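This report walks through a few local features of one protein chain. Please keep the sequence and the 3D view open while reading.

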Amino acid sequence: MNELRAVAKKARETVIAWLRRAIARARKLRPYATKALDTARTWWIACTNRLRAYARSALEKLRTRFPMLDVYARTLRLHAARLLATVGSGYRAGVAAIGRYSPRTARAIVACEIWLRQSDWRRLGLTALAAVLVLGIGLAAIFPEAAGRYGRVIFTSNRVVPLPDEARRAVREKAKELAAALDGRLDRKRKLAGETWTSAQILVALRENDPDYASRIDVKLVERYFRSMAGPECACWRRFPQGKHPNHLGVTSWVLWTFAQYGIPAHKSELEFLLSAQGGDGGWPLFGGAQEEKFTSSYGTAAAILALHAQAPLQTDRRQRRRLAAAVNRGADWLKSRVVAGRARWVDYPAWPESQEDFLGVSGFALFALHRVGAWWLGSLDRDWLRELPAQAPGALRGEASAKAVQVGNRSYPDETRYYELPWTILATEEVYRSAGIFRKVRAVQWLERALAPGASIYELTGRERSATLVAEALLALRNEAQHE
């Protein structure tokens, strides 16, 4: 105990000595701090007086030039005084009414008011908050449409684009109509839709539109159909099963994406076909066997990374999953390096020697695929995409096709892929919305409101169009609101 007392006494003496030294130093610094504060105060007063003089001079000039401003100012001051008096009387009446039911709450409100009035900074903060609220209410009154859009964006989950109620109802009804039409096109007894690519697009659209659709269709039939349509010499698919058509990586990717949607793991040989077709630079051609760099396709690469990314979780081999992930990353990097600078646009064949224009349909599909595979570097591309959106949504039937001749061995095949603009522009903009900040969200919603407003061109589709591909892609574009309604 004596030892503890001695230690405590020594510690106390040490602390007291330290405090004395600190106080002595503070006393030495006090004149300098006082002088600095006086200088800052003098500077602040001089600046304030100078600004006040400038403001007074400018106000006098305005009054001289516009004498009616005094009349408007007096009228505004009178209205403000009346408004403050009304608010004050309403506030006191509200506190009295609350006090009748909960005196404790009323006392807390009064205490909060007293606390706010005790400090100039608190009153200034409260005044600033009131000014912001008044400004917000005024802007909402002047621009009700923009205010409503901001409100929907702020208070709605990222999972769904906050369209107006009228547009959401129209989207939901049109999605139901197109889904019923596509479902009716499937021949469940024999060949589904009769064409591999179209069947895959229909099944993906129906599954994305309705997560429970997989339970209403025979998944074994889906697997048997596509496997029966595969190319005999490779684990891949063609646009048509006849031998005169080349092995098609776009069709193969859509089939493997369909398999993933319905929980069907791809065979190792099917994945190997896609992996082996990837070029050294990370891109994929559209036709198997097209070796030259100029035949590397933006559409084929986007479709391939979608398929491999969707199939990866279904693979039991960890090493195979890593291979798929690495291939997807290389494909995404290829798309990143081939984008048109500052525009978030892609051409169909970036290495083609002749000059060519970018395609909106291809660009929307590529950006959609990059978002689906989780590319982390999309911030600048998203900004460019929103900035370059067309003022008016393209027509529902409008599509693009390059029809370039692709050399495979000794034969040349035309690329007949048709890129429909409207569905993929909507899909890419929806994906951008989910990862954007509030201002970019509002920009995306503004464009989608025009594209999906009742009476827009997409509602002209009935599902009975000759091109089932167009109907399937339109359902994909509308499925977001229908799924999360």
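E431 lies in helix α15 (residues 421-435), where helices (H or I, at least four residues) and strands (E, at least two) are DSSP runs, numbered from the N terminus. The structure is a predicted model, in which local features need pLDDT of at least 70 and side-chain atom pairs count only at pLDDT 80 or more, whereas totals for chains, interfaces and linings use all residues. Residues are numbered from 1 along each chain as its sequence is written, and side-chain values use heavy atoms, with hydrogens and water left out.

Is E431 buried or exposed? E431 counts as buried because its relative accessible area is 9%; buried means under 20% relative accessible area, exposed over 50%, and partly exposed in between, with a 1.4 Å probe and protein chains only. Along the chain, E431 and A351 are 80 residues apart, and their C-alpha atoms are separated by 27 Å.

**Salt bridges**

A salt bridge is a side-chain nitrogen of Lys or Arg within 4 Å of a carboxyl oxygen of Asp or Glu, and by this rule the count comes to 21 salt bridges. Three of these pairs are set out below.

| Pair | N to O distance | Separation along the chain |
|---|---|---|
| R149 and E449 | 3.0 Å | 300 residues |
| R479 and E208 | 3.1 Å | 271 residues |
| R343 and E388 | 3.6 Å | 45 residues |

The pair of R149 and E449 links distant parts of the chain, with R149 in helix α5 (residues 144-155) and E449 in helix α16 (residues 438-452), and both residues are buried. R479, in helix α17 (residues 468-484), likewise reaches a distant part of the chain, since its partner E208 lies in helix α7 (residues 196-209), and both R479 and E208 are buried. In the third pair, R343 is in the loop between α12 and α13 (360-372), while E388 is in the loop between α14 (379-387) and β3 (399-400). R343 counts as partly exposed because its relative accessible area is 28%, and E388 counts as partly exposed at 27%. Salt bridges that share partners also join E208, R372, E430, E431, R434 and R479 into one network.

**Surface patches**

Patches are made of residues with over 30% relative accessible area and no salt bridge, where like charges are joined within 9 Å and nonpolar side chains (Val, Leu, Ile, Met, Phe, Trp, Tyr) within 5 Å. One nonpolar patch on the surface is formed by L59, L62, F66, M68, L69, V71 and Y72, with about 640 Å² of accessible area together. The elements that give two or more residues to this patch are α1 (2-65) and α2 (68-101), and α2 gives the most, with four residues. L69 is found in helix α2, and L69 counts as partly exposed because its relative accessibility is 38%.

K268, R318, R319 and R322 gather in a patch of positive charge on the surface. Helix α12 (residues 318-338) supplies the largest share of this positive patch, three residues. R322 is found in helix α12 and counts as exposed, because its relative accessibility is 52%.

**A hairpin of two strands**

Strand β4 (residues 405-408) has a covered face, made of V406 and V408, and an uncovered one, made of A405 and Q407. β4 and strand β5 (residues 411-414) pair in the antiparallel sense over four bridges, where two strands pair if DSSP finds at least two bridges between them. The bridge partner of V408 in β5 is R411. β4 and β5 form a hairpin with two residues between them, and G409 in the turn has a positive phi of about 65°.

Technical notes:
Areas by Shrake-Rupley, 256 points an atom, 1.4 Å probe, with all protein chains shown as cover. Lys, Arg positive; Asp, Glu negative; His and termini not counted. Charge placed at Lys NZ, Arg CZ, Asp CG, Glu CD.
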